[in-house]
Structures are given as structure tokens and as C-alpha cells.
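Me: Please take a close look at a single part of this structure and describe it as one connected account. I would like the account to start from a local detail and work outward to its surroundings.

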Amino acid sequence: MNHRTVNRIVLVMVDDDEDDCLLVEAALYEAYLKCDFHCVKDGLDMLDYLNRRGSFTEPDSSPRPDLILLDLNLPAMSGREVLQKLKTDQRFRSIPIIVLTTSINEEDIAFSYDMGANTYIIKEPSFAGLLSAIKVVKEYWLETATLPPREEFASRKKDREN
């Protein structure tokens with residue numbers, strides 16, 4: 001059992017399609033994955049969320065994610081750019097990122113893994129397919145793997161501020 005099952009998992013989804021966010025939230029519920037779920041609409045919002053800027057200044061509204069679900073096709077800043085920024089930033093590179101996208105392009109898959117994505121999942125068009133993928137994410141990332149501690153983020157932030 002993962003140490004996070006005692007504390008609620010914080011899962012942030014980056015997707016500009018509100019329906020996809022609602023479907024993932026429903027799939028999380030169906031998979032009995034109790035988590036603190038947040039959905040942000042684009043890459044710029046994800047960076048604001050992590051850096052607690054703009055509408056995400058309150059720590060309670062933007063807790064450090066345990067997992068990020070990232071779409072590649074986003075407005076303003078693509079998921080590719082977000083992935084690259086997060087995996088090259090010492091403060092955020094330990095957060096597992098699961099690319100959840102409709103792209104079956106081999107270049108996108110290779111690029112995502114080259115940039116440090118932890119998993120690449122192609123969005124299924126059906127709810128049953130999405131639910132199946134969410135169950136696999138739950139089983140692996142939340143019941144088998146050990147996630148990095150959130151405290152690491154807080155202590156690193158304090159070190160930078162001093």
C-alpha cells in the first residue's frame with residue numbers, strides 16, 4: 001500500500017477540454033480513487049498553479065500535485081512546452097507526469113519520453129476505455145509505486161527564499 005493512500009492524493013489535470021476533465025473526474029469516482037482533483041485549462045495555468053501565481057496564490061487551492069495528467073494539445077502553451085519546463089525545473093521534475101492525449105503520433109510519444117514523461121496514455125474515445133486507463137493509473141501509481149514526498153517541495157521553496 002502506498003504511503004499516500006492515508007493522505008488524499010493530489011491529482012492535477014491539464015486539459016483545455018472541460019468535458020474531458022469531467023469525464024476523468026467521473027472515472028476517478030468510478031475507480032474509487034479518492035483524491036483532491038484539480039483541472040487547469042492550459043500550460044500557463046499549470047505554471048501559475050505550481051508557482052502559486054494569479055488565481056492560485058492560496059496553498060489550499062493549489063496543493064503540490066502527486067501526479068499530473070497532461071494533454072499535449074493545449075492553447076497558449078502546449079503540453080510539450082509544459083513537460084519540458086517542468087522536467088527541467090529542479091522544483092518540479094520529481095512530480096510524475098502522465099501524458100494523457102489523443103495523439104498517436106510516434107514523434108509525440110518519443111518526445112514525451114525524451115523530456116521525462118513517466119507514462120504516455122492515448123485517450124480512449126469511450127468512457128469504458130478511459131475508466132480502464134484510470135484504473136491502471138490507480139493500480140500502478142497509487143497502489144504499487146512510491147511517490148516522492150510533498151515535503152520536498154516545501155523545504156526546497158524555503159531554501160530558495162532564504
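Reply: Tyr-32 sits in the loop that runs between helix 1 (18-30) and strand 2, and, in this predicted model, its phi is positive, at about 55 degrees, although the residue is not a glycine. With a relative accessible area of 65%, Tyr-32 is exposed, because the threshold for that class is over 50%. Arg-52, which belongs to the loop between helix 2 and strand 3, also has a positive phi of about 55 degrees without being a glycine. The relative accessibility of Arg-52, however, is 19%, so this residue counts as buried, given that the limit for burial is under 20%.

The loop that holds Tyr-32 leads into strand 2, and from there the account can turn to the sheet. Five strands, in the order 2-1-3-4-5, form an open sheet in which the pairing is parallel. Strand 2 (35-40) and strand 5 (119-122) are its edge strands, each of them pairing on one side only. With direction ignored, neighbouring strands of this sheet are turned against each other by 20 degrees on average.

Strand 1 holds Val-10, a residue that counts as buried because its relative accessibility is 3%. The C-alpha atom of Val-10 lies 6.1 Å from that of Phe-37, although 27 residues separate the two along the chain. If residues up to four places away in sequence are left out, the contacts of Val-10 include Asp-36 and His-38, then Tyr-49, then the run Pro-63, Arg-64, Pro-65, Asp-66 and Leu-67, and finally Arg-150.

On the strand 3 side, strand 1 (residues 9-14) pairs in the parallel sense with strand 3 (residues 67-70) over 4 bridges, and Leu-11 stands opposite Leu-67 of strand 3. Strand 3 is covered on both faces: Leu-67 and Leu-69 on one side, and Ile-68 and Leu-70 on the other, are all buried. Strand 3 also pairs in the parallel sense with strand 4 (residues 97-101), over 3 bridges, and the bridge partner of Ile-68 in strand 4 is Ile-97.

Where does Ile-95 lie with respect to helix 3 and strand 4? Ile-95 is placed in the loop between these two elements, and its relative accessible area of 1% is why it is classed as buried. Between Ile-95 and Ile-68 there are 7.3 Å in space, C-alpha to C-alpha, while the two are 27 residues apart in sequence. Again leaving out residues up to four places away in sequence, Ile-95 touches Leu-50, the stretch Arg-64, Pro-65, Asp-66, Leu-67 and Ile-68, and also Lys-87 and Asn-118.

The contact of Ile-95 with Leu-50 brings the account to helix 2, since Leu-50 is one of the helix 2 residues that meet helix 3. Helix 2 lies across strand 1, strand 2 and strand 3, and runs at about 150 degrees to strand 1. Against helix 3 (residues 79-87), helix 2 (residues 43-51) packs at an angle of about 25 degrees, the two axes being 9 Å apart. That angle makes helix 2 roughly parallel to helix 3, because angles under 35 degrees fall into that class. Helix 2 passes helix 3 in a right-handed crossing. The residues that meet are Gly-43, Met-46, Leu-47 and Leu-50 from helix 2, and Val-82, Lys-85 and Leu-86 from helix 3. By class, this contact is made up of 5 nonpolar, 1 polar and 1 charged residues.

These parts can finally be set within the whole chain. The protein chain has 6 helices and 5 strands, which follow the pattern β-α-β-α-β-α-β-α-β-α-α when read along the sequence. Of its 162 residues, 47% are buried, with Val-10, Arg-52 and Ile-95 among them. When contacts between residues at least 6 apart in sequence are considered, 69% of them join residues at least 24 apart.

Conventions
Residues numbered from 1 in each chain as written. Predicted model: local features only at pLDDT ≥ 70, side-chain atom pairs only at ≥ 80, totals over all residues. Heavy atoms only, no water. Axes fitted to C-alpha atoms, helices over the stretch in contact; angles between N-to-C directions. Parallel < 35°, antiparallel > 145°, perpendicular 65-115°, else oblique. Left-handed = near helix turned anticlockwise from the far one by under 90°. Contact = heavy atoms within 4.5 Å. Nonpolar A, V, L, I, M, F, W, Y, C, P; charged D, E, K, R; others polar. Pairing = 2+ DSSP bridges. Buried < 20%, exposed > 50% of the residue type's maximum accessible area, 1.4 Å probe, protein only.
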